[in-house]
Amino acid sequence: MTLVLTNPYAYEKALSRGLELAVSLSESQASLGQRIEGVALNVVFLIDPEALDELVQDLGEQGWLGLSSQRNLQASMLEGYRALAADILQEALKDGSQAGLSVETALKEVPPSIYVDELLNAGTQKLIVCGSSTLAAKLGDRTAKLEWIEDG
């Protein structure tokens, strides 16, 4: 099972749901006498570099930032998001361990639509994505193939 997080400020609900489903699946496998192997939950935090580019570019076009300031702001924002994501992924590991689950985490810097396509094409068994309504619109009909949790 894979849980994809796209917002450092609205992840609790999605993480709780992912852990709940992974625990349920593990318990059902155990009750059937199946040996539980491998990772119960993959938690991936996505940072969309295109979204940061657009935000900084918009500020520049409105006259708020010069070219040098744009580069500095973009680098600072990316560094900040990486740090927040690392904290969230550490929390996922801790919560998974407390629930008796094997959890793997990853931080990826890729547009969500590309990453979700990769997971769907790879045949990911269960995919949960947490994101904004704007992201849902970008994903279009792909949201029918996954469990969607709107942040906010």
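This passage describes the fold, the largest pocket, the salt bridges and several individual residues of a predicted model.

The chain contains five helices and five strands, and these elements succeed one another along the sequence in the pattern β-α-β-α-α-β-α-β-α-β. Along its principal axes, the C-alpha trace of the chain spans about 65 × 30 × 25 Å. Of the 152 residues in the chain, 36% are buried.

The largest pocket has a computed volume of about 470 Å³. Its lining comprises 19 residues, and Thr6, Asp48, Ala51, Pro112 and Ser132 are those that lie nearest the centre of the pocket. Three secondary-structure elements, namely strand S2 (41-47), helix H2 (49-61) and helix H5 (133-139), each supply at least two residues of this lining. When the lining residues are divided by class, 10 are nonpolar, five are polar and four are charged.

Asp48, one of the residues nearest the pocket centre, is placed in the loop between S2 and H2. This residue is buried but takes part in no salt bridge, and the nearest side chain of opposite charge, that of Lys138, is 4.6 Å away. Because a salt bridge requires a side-chain nitrogen of Lys or Arg within 4 Å of a carboxyl oxygen of Asp or Glu, the separation of 4.6 Å between Asp48 and Lys138 falls outside the criterion. The side chain of Asp48 does, however, have a polar atom that lies 3.0 Å from the backbone nitrogen of Glu50. Thr105, for its part, is found in strand S3 (residues 103-109) and counts as partly exposed, with a relative accessibility of 31%. Between Thr105 and Asp48 there are 17 Å in space, taken from C-alpha to C-alpha, and the two are 57 residues apart in sequence.

By the criterion applied here, the model has six salt bridges. One of them joins the side chains of Arg17 and Glu147, with an N to O distance of 2.6 Å. Since Arg17 belongs to helix H1 and Glu147 to strand S5 (residues 147-150), this pair ties together parts of the chain that are 130 residues apart in sequence. The partners fall into separate accessibility classes, as Arg17 is partly exposed at 25% relative accessibility, whereas Glu147 is buried at 18%.

A further salt bridge is formed by the side chains of Asp117 and Arg142, at an N to O distance of 2.7 Å. Asp117 is located in helix H4 (residues 112-121) and Arg142 in the loop between H5 and S5, so that this pair ties together parts that are 25 residues apart in sequence. The relative accessible area of Asp117 is 28%, which places this residue in the partly exposed class, while Arg142 is buried, with a corresponding value of 17%. Beyond these individual pairs, salt bridges that share partners join Arg17, Glu20, Lys126 and Glu147 into one network.

The side chain of Arg142 also has a polar atom that lies 2.8 Å from the backbone oxygen of Leu139. Arg142, a buried residue in the loop between H5 and S5, is therefore within the 3.5 Å limit for a polar contact with the backbone of Leu139, in addition to the salt bridge that its side chain makes with Asp117.

The side chains of Lys94 and Asp95 likewise meet in a salt bridge, here with an N to O distance of 3.9 Å. Lys94 is partly exposed, its relative accessibility being 46%.

Ser26, finally, is found in helix H1 (residues 12-31), the helix that also holds Arg17. With a relative accessible area of 13%, Ser26 is classed as buried, since the buried class covers residues under 20%. Although Ser26 and Ala40 are 14 residues apart along the chain, their C-alpha atoms are separated by 7.3 Å.

Notes: Residues are numbered from 1 along each chain as its sequence is written. This is a predicted model: local features need pLDDT of at least 70, side-chain atom pairs count only at pLDDT 80 or more; totals for chains, interfaces and linings use all residues. Side-chain values use heavy atoms; hydrogens and water are left out. On a 1 Å grid over the protein atoms alone, a cavity is a set of points where a 1.4 Å probe fits but cannot get out, and a pocket is an open set with protein on both sides within 12 Å along at least five of seven lines; lining residues have an atom within 4 Å of a point. Grid points are joined across faces, edges and corners, and a volume is the space filled by probe spheres set on the points. Helices (H or I, at least four residues) and strands (E, at least two) are DSSP runs, numbered from the N terminus. Ala, Val, Leu, Ile, Met, Phe, Trp, Tyr, Cys and Pro count as nonpolar, Asp, Glu, Lys and Arg as charged, and the others, Gly among them, as polar. Buried means under 20% relative accessible area, exposed over 50%, partly exposed in between (1.4 Å probe, protein chains only). Lys and Arg count as positive and Asp and Glu as negative; His and the chain ends are not counted. A polar contact is a pair of N or O atoms within 3.5 Å; within protein, one must be able to donate a hydrogen and the other to accept it, and residues adjacent in sequence count only if both atoms are side-chain atoms.
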